[in-house]
Each structure stands twice: as structure tokens, then as C-alpha cells.
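Q: Could we work through how helix packing and sheet order are read from a model? I should like the general idea before each case.

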Amino acid sequence: MTLCISLSARPSNNGTRFHNHLYDQLDLNWIYKAFAPTDLAQAIAGVRGLGIRGCAVSMPYKEDVMALVDELDPSAKAINSVNTIVNTDGRLLAYNTDYTAIEQLLAGNAVPADYSVLVQGAGGMAKATVAALRDAGFTDVTVIARNEDTGRALAEQYGFQWRATLDGGTADLIINVTPIGMAGGPEVDSLSFPEDAIAAAKVVFDVVALPAETPLIKAARAAGKQVITGAEVATIQALEQFVLYTGLRPTDEQVRAAEDFMRAQ
């Protein structure tokens, strides 16, 4: 049996259900498990030493894990953030499929590149988001982050603006890349953007995958806004991880079945 795992401060069943359902559909003798590591370095050493084939990496480990792998794929190197590790005979190669997911969702939802954008957050997922915005042609982007060092550095790396707080700001597209609204967290019931920012937006995007209907997404739907959810991000990035781990690309029908199974929990 081949083992794949995920490492997260707040493990969810999303990845386990999605991957394991695809393993069953494709008759693969594989299994996927989720863990909350107490020591990241030891966890990655375990991936290497135990021959674990694949390892998904979630908040808050996407940057810290970079020093623990052997090589960075261009997808991870370009944004200094990792969400996927593939182990081949003890050699760990790291990727970032978050970028791919954000890129596909912006294009698939036909979000105009001339929209103004507010991105709240400056961690690993924010890096993938800001890079995807830049590469999609967006130019009017502001990163909102209390930590000036990380927030300003991220914004300036891609030619965008930084602010410490929202301070009444609005934009056509607002994107939450913080843990606000995440199940199991201290702010699970909180709105990541105030209601006036939601009212002024044309598109509301929350990368938080669990719950699928975060407070931000619920408020945006109630306001009649176009929404993009973290559950959609989770499906795309997990699919690309599955391909990296197994070398197989499921059919669209198989992916939809796995997605339905994941969301039925």
C-alpha cells in the first residue's frame, strides 16, 4: 500500500475524502491520511524515512517547509511557498498547486483584469494569490496585512500596494487569504471583510475551504454577489496533487464524483 498525507495546524477531511475516493474509483492500493504535526522537521523526516509518497502542506507550514526539502519546482520557487511534496526514493521535490487553482478560478469565472482588488493576508496562500493576479494581468491590487515587513514585501515583489488595515477601503474584487472564518479556529464566525466592503464588491473570493460556506461567502451570497469559494480552490489544487503523486489524471466525471463525496461530509 502507498501512503500520502497532509500536514496542517487544523486538519480537515476534505483532502482525505477527495483523494481516497479517487483511489477507490481508480482501484489503486493507496491511502491518504491527515495529520497535525507537533514538530514539522520531524514530520518531514518521517515522510522521507517512511517512504510516504506525497505530502500536502497547509497553513501555517507552507513557507517553513521549504528548508526541509531537497528541491523546489519552479511553481514553488517563484512564490517561495510550498503546498505539495513528492517523495521519489527519498528525494523530496516541492510544488505549489495553489497558484494553479487561483489562476484557473480567476479565468473560469471571467473576472476582468481591470477590476480593483483587495487581498487580505500575506502568508503562503497570499503569495500564490498575488502571483496569480499579477500573471492574469491585474494591476490595481492592494495587499492588506498588519505585519508591514511581510505585507509590504509581498506587495512590492509584484508591483502592488500595501496597507496595514482595510480602513474603509473597497474594491471590485475582495479576496480573503487569512484563517478568518475557518472551521476550528478562534474566528470561525467572523467576517473577514466588513459589510460595506462586501456591498461595494462585484466579486467576493474566500480561499478558506472549510466550511465551504464561510461567513464571508454567506454574506456575499445574501448580497447577490458573484462568489468564488475555498472549496473550489481545494478541489483544483487537490486534483493537481493527485496527478503529481500518482501520475494519473482522472476523468472529469471521476473528479466530480470525488468532489461530491468530499462535500457530502
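**Helix packing and sheet order**

A: The model is predicted. Helices H1 and H9 are oblique to each other, because their packing angle is about 50 degrees and angles outside the parallel, antiparallel and perpendicular ranges, the last of which is 65 to 115 degrees, count as oblique. H9 covers residues 230–246, and its axis is 10 Å apart from that of H1.

Q: Which handedness does the crossing of H1 and H9 have, and which residues meet there?

A: The crossing of H1 and H9 is right-handed. From H1, the residues are Phe-18, His-19, Leu-22 and Tyr-23. They meet Thr-235, Ala-238, Leu-239, Gln-241, Phe-242, Tyr-245 and Thr-246 of H9. Sorted by class, this contact has seven nonpolar, four polar and no charged residues.

Q: At what angle do H1 and H10 pack?

A: H1 (residues 14–25) and H10 (residues 252–263) pack at about 140 degrees, and their axes are 8 Å apart. H1 is therefore oblique to H10, since only an angle over 145 degrees would count as roughly antiparallel. This crossing, too, is right-handed.

Q: Which residues make the contact of H1 with H10, and of what classes are they?

A: H1 contributes Asn-14, Arg-17, Phe-18, His-21, Leu-22 and Gln-25. H10 contributes Gln-254, Val-255, Ala-257, Ala-258, Glu-259, Phe-261 and Met-262. By class there are seven nonpolar, four polar and two charged residues. Phe-18 and Leu-22 of H1 appear in this contact and in the one with H9.

Q: How is a sheet to be read, and what is the strand order here?

A: In general, the strands of a sheet pair through backbone hydrogen bonds, in either a parallel or an antiparallel sense. Here an open sheet of six strands runs in the order S9-S8-S7-S10-S11-S12, with parallel pairing. S9 (161–163) and S12 (226–228) stand at the edges with a single partner strand each, so one side of each has no neighbour in the sheet. From one strand to the next, the twist averages 20 degrees.

Q: How many bridges join S11 and S12?

A: S11 (residues 203–206) pairs with S12 in the parallel sense over three bridges. Val-203 stands opposite Gln-226 of S12.

Q: Which strands do helices H5 and H6 touch?

A: H5 (residues 124–135) packs on the sheet and touches S7 (117–120), S8 (141–144) and S10 (173–176). The direction of H5 makes about 160 degrees with that of S7. H6 (residues 148–157) also packs on the sheet, where it touches S8 and S9. The direction of H6 makes about 160 degrees with that of S9.

How values were computed
Residues are numbered from 1 along each chain as its sequence is written. This is a predicted model: local features need pLDDT of at least 70, side-chain atom pairs count only at pLDDT 80 or more; totals for chains, interfaces and linings use all residues. Side-chain values use heavy atoms; hydrogens and water are left out. Axes are lines fitted to C-alpha atoms, for helices over the stretch in contact, and angles run from 0 to 180 degrees between N-to-C directions. Helices (H or I, at least four residues) and strands (E, at least two) are DSSP runs, numbered from the N terminus. Angles under 35 degrees count as roughly parallel, over 145 as roughly antiparallel, 65 to 115 as roughly perpendicular and the rest as oblique. A crossing is left-handed if the near helix is turned anticlockwise from the far one by less than a right angle, and right-handed if clockwise. Contact means heavy atoms within 4.5 Å. Ala, Val, Leu, Ile, Met, Phe, Trp, Tyr, Cys and Pro count as nonpolar, Asp, Glu, Lys and Arg as charged, and the others, Gly among them, as polar. Two strands pair if DSSP finds at least two bridges between them.
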